[in-house]
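Visitor: Hi! I'm new to this one and would love a quick tour. Could you show it to me?

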Amino acid sequence: MGIDPLSSELLAPLDLAFWHLETADHPMHLGALARFDPGPGDPGDVLDLLRERAAAIPRLRMRVRDVLLPVGGAAWSVDKDFDVRRHVRHVPLPGDPPDVTAGATRLAGELMERPLERGRPPWEMYLLTGAPGGPFAVLVKLHHALADGMRAVAIGAGIFDEIAGARTAAGRRRTRPVPPRSWLPGPLNVADAARGRLEEFGRALGVGASVVRASRLDPRGTPALTAGSSGTRRLATVDLDLEEVRRVRRFAGGTANDVLLAVTAGALRHWMLERGERPPTADPRALVPVSRRRPGGAPGPGNTFSAYLLDLPLSDPDPLDRLHSVRRRMDRNKAAGPTRGAGAVAVLADQLPPLAHRFGAPLAQGAARMLFDVLVTNVPLPRSTLSLGGCPLRALHPMAPLARGQALAVAMSPYGGQVHIGLVADGKAVPDVDRLAHAMADELAELVKLTRRT
């Protein structure tokens with residue numbers, strides 16, 4: 001197909017960590033459920049189009065293989081037996097449901113339970129269809145070792161008409177092979193490399209000390225969020241009006257993400273009360289990822305992010321007070337920066353040698369519960385209108401993986417005047433995740449009402 005293979009490229013330390021953290025009950029793949037309005041083509045045409053465009057994305061032809069050096073490392077290499085039909089499949093929704101959204105969400109939960117096959121390029125796509133000529137959905141699964149949220153968007157966007165068309169119009173320019181990542185500096189920059197490593201090591205020591213201080217032996221929040229993992233998955237989706245989010249932000253200050261974090265806190269509080277539980281006296285803690293990529297720069301391969309830790313103010317009964325509390329706490333996080341504090345565990349992982357990730361993964365798997373209770377992430381999407389085979393994209397709900405000991409992950413993406421939210425939950429611990437999704441819509445409505453009154 002005229003695609004230049006990427007040369008053998010070592011997995012960065014953080015990518016290697018995600019690769020080894022995976023177990024059968026805790027698959028480490030990201031996901032997205034995209035919903036499309038009906039278009040002129042039939043499912044067969046859309047399936048062929050998905051396969052053609054996915055096969056044209058070089059990164060999706062790469063698989064992980066072990067290497068001799070560095071010891072314990074692994075590398076990306078082109079899968080010589082790549083067959084896109086193994087990765088892109090058509091699954092009709094059972095029972096021809098009238099509501100494709102609900103049917104696709106239920107089926108996506110089952111598909112998200114299954115780990116990706118590790119001997120092949122670690123990704124899958126599923127075309128989910130109901131009645132002929134009706135709306136349909138596409139589920140994308142992409143291993144976290146391959147990309148973080150922003151890089152996943154950059155890779156997955158290649159299936160849309162607008163991105164694929166721009167790539168074709170620009171022509172197929174020959175790209176330079178990516179040189180392998182080396183664990184040894186070149187002879188001309190030994191001093192610079194050593195200085196940089198010393199600075200990074202010093203920063204990692206500070207992060208490590210913060211992680212130890214922030215770790216907790218007492219789980220917080222509802223028992224559902226601290227229940228043992230079952231390996232099952234349930235999904236729920238909700239769409240919030242982006243202009244209402246901005247209205248609240250204009251009133252309270254801060255950022256739209258502050259508003260969405262406050263909405264998450266309020267929804268968790270109401271959800272617990274509906275379950276007959278009292279809100280915890282000690283606020284549960286959220287891990288809030290933040291990109292470390294340069295603004296405006298093209299996303300590079302692999303994972304490049306850090307995170308903040310945020311105590312969600314569930315104990316406060318007033319929605320506006322919760323919002324102001326979230327804003328103050330996030331302002332403190334931002335003032336400290338994304339490479340300091342216990343939330344910057346990704347920075348710490350970047351400093352460990354490959355062998356430590358390979359053999360330390362069993363110990364690291366249980367550390368997430370000691371550090372945070374829920375993951376809340378915001379994944380930006382292209383602002384332009386997107387379509388697939390002429391079928392307009394109606395919504396795209398991102399999905400984050402669950403670490404061991406975690407029962408809930410919340411991912412958000414603004415697109416088309418809406419904030420599309422995907423909730424991934426342990427199926428046994430949080431069987432009523434749909435109620436939590438409804439509570440998020442109710443919490444935003446309450447905030448809008450209060451700001452109008454004020």
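Guide: Happy to walk you through some sheets, rings and helices here. Keep in mind that this is a predicted model.

Visitor: Let's begin with the sheets. In what order do the strands of the six-stranded open sheet run?

Guide: The order is β5-β6-β7-β2-β13-β12, and the pairing is mixed. At its edges stand β5 (88-92) and β12 (387-388), each with a single partner strand, so one side of each has no neighbour in the sheet.

Visitor: How many bridges join β2 and β7?

Guide: Eight bridges, and these two strands pair in the antiparallel sense. Along that pairing, H29 stands opposite H143 in β7.

Visitor: And what about β6 and β7, how do they pair?

Guide: Strand β6, residues 123-129, pairs with β7 in the antiparallel sense as well, over seven bridges. There, T129 is the residue opposite F136 in β7. The two strands form a hairpin with six residues between them. In the turn, G133 has a positive phi of about 80°.

Visitor: How many of the residues of β7 are buried?

Guide: Seven of the eight, so β7 is largely enclosed by the rest of the structure.

Visitor: You mentioned rings earlier. How many aromatic pairs turn up in a search of the whole structure?

Guide: Two. In one of them, F36 and F136 are stacked, with 5.1 Å centre to centre and 15° between the planes. F36 belongs to strand β2 (residues 29-36) and F136 to strand β7 (residues 136-143), so the pair ties together parts that are 100 residues apart in sequence.

Visitor: Are F36 and F136 buried or exposed?

Guide: Both F36 and F136 are buried.

Visitor: What about F36 and F160, how are those rings arranged?

Guide: F36 and F160 form a tilted pair, 6.2 Å centre to centre with 45° between the planes. This pair also links distant parts of the chain: F36 is in strand β2, while F160 is in the loop between α4 (149-156) and α5 (161-170), 124 residues apart. F160 is buried, as F36 is. Taken together, ring pairs link F36, F136 and F160 into a cluster.

Visitor: Nice. Which residue lies over the face of W19?

Guide: That is R118, at 3.9 Å from the ring centre.

Visitor: Back to sheets for a second. What is the order in the open sheet of three strands?

Guide: That one runs β1-β4-β3, with antiparallel pairing. Its edge strands are β1 (9-10) and β3 (62-66), each pairing on one side only. β1 pairs with strand β4, residues 74-78, in the antiparallel sense over two bridges. In that pairing, L10 stands opposite A75 in β4.

Visitor: Let's switch to helices. How far does α13 reach?

Guide: Helix α13 covers residues 433-453, which is 21 residues, and reaches 31 Å from its first C-alpha to its last. That is close to the 30 Å expected at 1.5 Å a residue.

Visitor: Which residues in α13 are buried?

Guide: Among them are V433, L436, A437, M440, E443, L444, L447 and V448. The buried residues of α13 pack against several elements, including β8 (233-241), α7 (242-252), α8 (256-274) and α9 (319-336). Strands β14 (408-415) and β15 (418-426) are also among the elements they pack against.

Visitor: What span should α8 have, and how far apart are its end C-alpha atoms?

Guide: At 1.5 Å a residue, the 19 residues of α8 should span 27 Å, and the end C-alpha atoms are 27 Å apart, which agrees. Of those 19 residues, 14 are buried, so α8 is largely enclosed by the rest of the structure. Just after α8 comes G276, which takes a positive phi of about 80°.

Visitor: One last spot: where is R285?

Guide: R285 is in strand β9, residues 285-291. R285 has a relative accessible area of 10%, so it counts as buried, the cut-off being under 20%.

Visitor: And how far is R285 from F372?

Guide: R285 and F372 are 87 residues apart in sequence, yet 5.0 Å apart in space, C-alpha to C-alpha.

How values were computed. Residues numbered from 1 in each chain as written. Predicted model: local features only at pLDDT ≥ 70, side-chain atom pairs only at ≥ 80, totals over all residues. Heavy atoms only, no water. Pairing = 2+ DSSP bridges. Helix = DSSP H or I, 4+ residues; strand = E, 2+ residues; numbered from the N terminus. Phe/Tyr/Trp six-rings, centres within 6.5 Å; stacked < 30°, edge-to-face > 60°. Buried < 20%, exposed > 50% of the residue type's maximum accessible area, 1.4 Å probe, protein only. Lys NZ or Arg CZ within 6 Å of the ring centre and 35° of its normal. Expected span 1.5 Å × (residues − 1). Contact = heavy atoms within 4.5 Å.
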